[in-house]
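Colleague: Please take a close look at a single strand of this model and at what surrounds it. I should like one connected account, with the cut-offs stated as the terms arise.

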Amino acid sequence: MRITSCGMTDVGLKRGHNEDNYLINEELNLFVVADGMGGHAGGEYASAIAVNTVEEIVTSLEVEGMPGPDDDDMTDPVEITRHKLTHAIRLAGRRIHEKATEQPEYHGMGTTAVVLQVEGGNAFVAHVGDSRLYLLRDGKVEQVTEDHSLIAEKIRHGLITEEEAKTHRMRNVITRSLGYQEDVEVDLQVRAVRRGDCYLLCSDGLSGHVSGEEMGEMMTQYGPQQAARSLIELACERGGEDNITTVIARIDDVG
């Protein structure tokens with residue numbers, strides 16, 4: 001497996017600090033974007049806990065709740081990776097929740113998380129919150145993740161249109177995050193990868209200003225580094241109200 005990747009984060013034009021964090025671990029083919037909430041100290045700390053915990057657990061040989069020697073899933077690498085990623089994100093949520101409970105200065109902190117791991121010819125995508133993952137394949141862009149947000153639920157139920165959602169006063173309210181409560185449900189998908197696939201992970205500082213089609217155009221026109229830089233510049237040109245983070249991973253070879 002050969003992957004070309006790049007990650008970039010920018011404070012944007014309206015914030016005084018950056019609460020986003022991202023991770024690229026080329027040895028594990030592991031990519032993470034986390035968008036923290038809860039003020040300068042809290043948000044930045046929460047998103048850092050998320051990316052560090054995911055890397056820690058994915059690297060670990062033994063993980064709490066892993067299938068035992070007599071379990072058929074013990075020899076299934078897909079199930080093992082699914083379990084590791086789900087456990088990692090839930091553990092990150094518990095750690096953030098504990099810190100927020102124990103230390104008053106971190107009260108109310110939390111974070112979103114979107115994770116991609118490419119392993120054994122598969123792309124494992126796990127997420128909580130409204131940070132997103134897009135896939136560019138054969139010239140077409142797909143939003144792979146589904147936002148855990150109030151606006152996304154209203155759109156799914158036909159209560160508002162996507163155009164109305166762009167300016168809705170509650171567009172930043174998320175319904176699921178790490179740290180808000182002790183445990184959290186994690187959405188996880190497994191997809192076969194193809195040569196030429198290009199994955200983009202981002203915080204809502206990017207997706208709030210740049211459409212999936214525009215992301216696809218940039219990834220088609222440029223390599224990961226230039227595409228990431230151009231997308232962040234475009235989000236800033238359109239307001240840059242939030243921190244902006246993007247990670248791009250292009251599958252150059254699946255052999």
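Modeller: A residue is called buried under 20% relative accessible area, exposed over 50% and partly exposed in between, with a 1.4 Å probe and protein chains only. The model is predicted, so local features are reported at pLDDT of at least 70 and side-chain atom pairs only at pLDDT 80 or more, whereas totals for chains, interfaces and linings use all residues. Residues are numbered from 1 along each chain as its sequence is written, and side-chain values use heavy atoms, with hydrogens and water left out.

The strand I have chosen is β10, residues 198–202. Helices (H or I, at least four residues) and strands (E, at least two) are DSSP runs, numbered from the N terminus. By that count the chain has seven helices and 11 strands. Five of the five residues of β10 are buried, so this strand is largely enclosed by the rest of the structure. In the chain as a whole, 49% of the 255 residues are buried. In a regular strand the side chains alternate between the two faces of the sheet. In β10, C198, L200 and C202 point one way, while Y199 and L201 point the other way.

Pairing is the next matter; two strands pair if DSSP finds at least two bridges between them. β10 pairs with strand β7 (residues 132–137) in the antiparallel sense, over five bridges. Within that pairing, L133 stands opposite L201. β10 also pairs with strand β11 (residues 244–253), again antiparallel and over five bridges. Here T246 is the bridge partner of C202, and A249 is that of Y199. β11 is itself mostly covered, with eight of its 10 residues buried. Strand β1 (residues 2–10) runs antiparallel to β11 and is joined to it by nine bridges, with C6 opposite I248.

The surroundings of the strand include the loop between β7 and β8 (140–143), where G139 is found. G139 and D197 are 58 residues apart in sequence, yet their C-alpha atoms are 9.5 Å apart in space. G139 is exposed, with a relative accessible area of 63%. D138, in the same loop between β7 and β8, is likewise exposed at 64%. The phi of D138 is near 55°, a positive value in a residue other than glycine.

N243 lies in the loop between α7 (224–237) and β11. It is buried, with a relative accessible area of 1%. A polar contact is a pair of N or O atoms within 3.5 Å; within protein, one must be able to donate a hydrogen and the other to accept it, and residues adjacent in sequence count only if both atoms are side-chain atoms. The side chain of N243 reaches the backbone oxygen of V11 at 2.9 Å and the backbone nitrogen of E19 at 2.8 Å. For contact in general, the criterion is heavy atoms within 4.5 Å. Leaving out residues up to four places away in sequence, N243 touches D10, V11, R15, H17, N18, E19, D20, S203 and G205. Across the chain, residues 24 or more positions apart account for 69% of the contacts with a separation of 6 or more.

The strand can also be placed with respect to the cores. A nonpolar core is a set of buried Ala, Val, Leu, Ile, Met, Phe, Trp, Tyr and Cys residues joined through side-chain atoms within 4.5 Å. The largest has 30 residues, and L30, V54, I89, V115 and L178 have the most contacts inside it. The elements giving two or more residues to this core are β3 (30–37), α1 (39–59), α2, β5 (113–119) and β6 (122–128). Apart from it lies another core, of 21 residues, among them C202, V210, M219 and I232. C202 of β10 therefore belongs to a buried set separate from the largest core.

For the larger core, V54 serves as an example: leaving aside neighbours within four places in sequence, V54 is in contact with L30, V32, A88, I89 and V115. A88 and I89 are among the buried residues of α2. D76 caps the N-terminal end of α2, with a side-chain oxygen 3.0 Å from the backbone nitrogen of V78.
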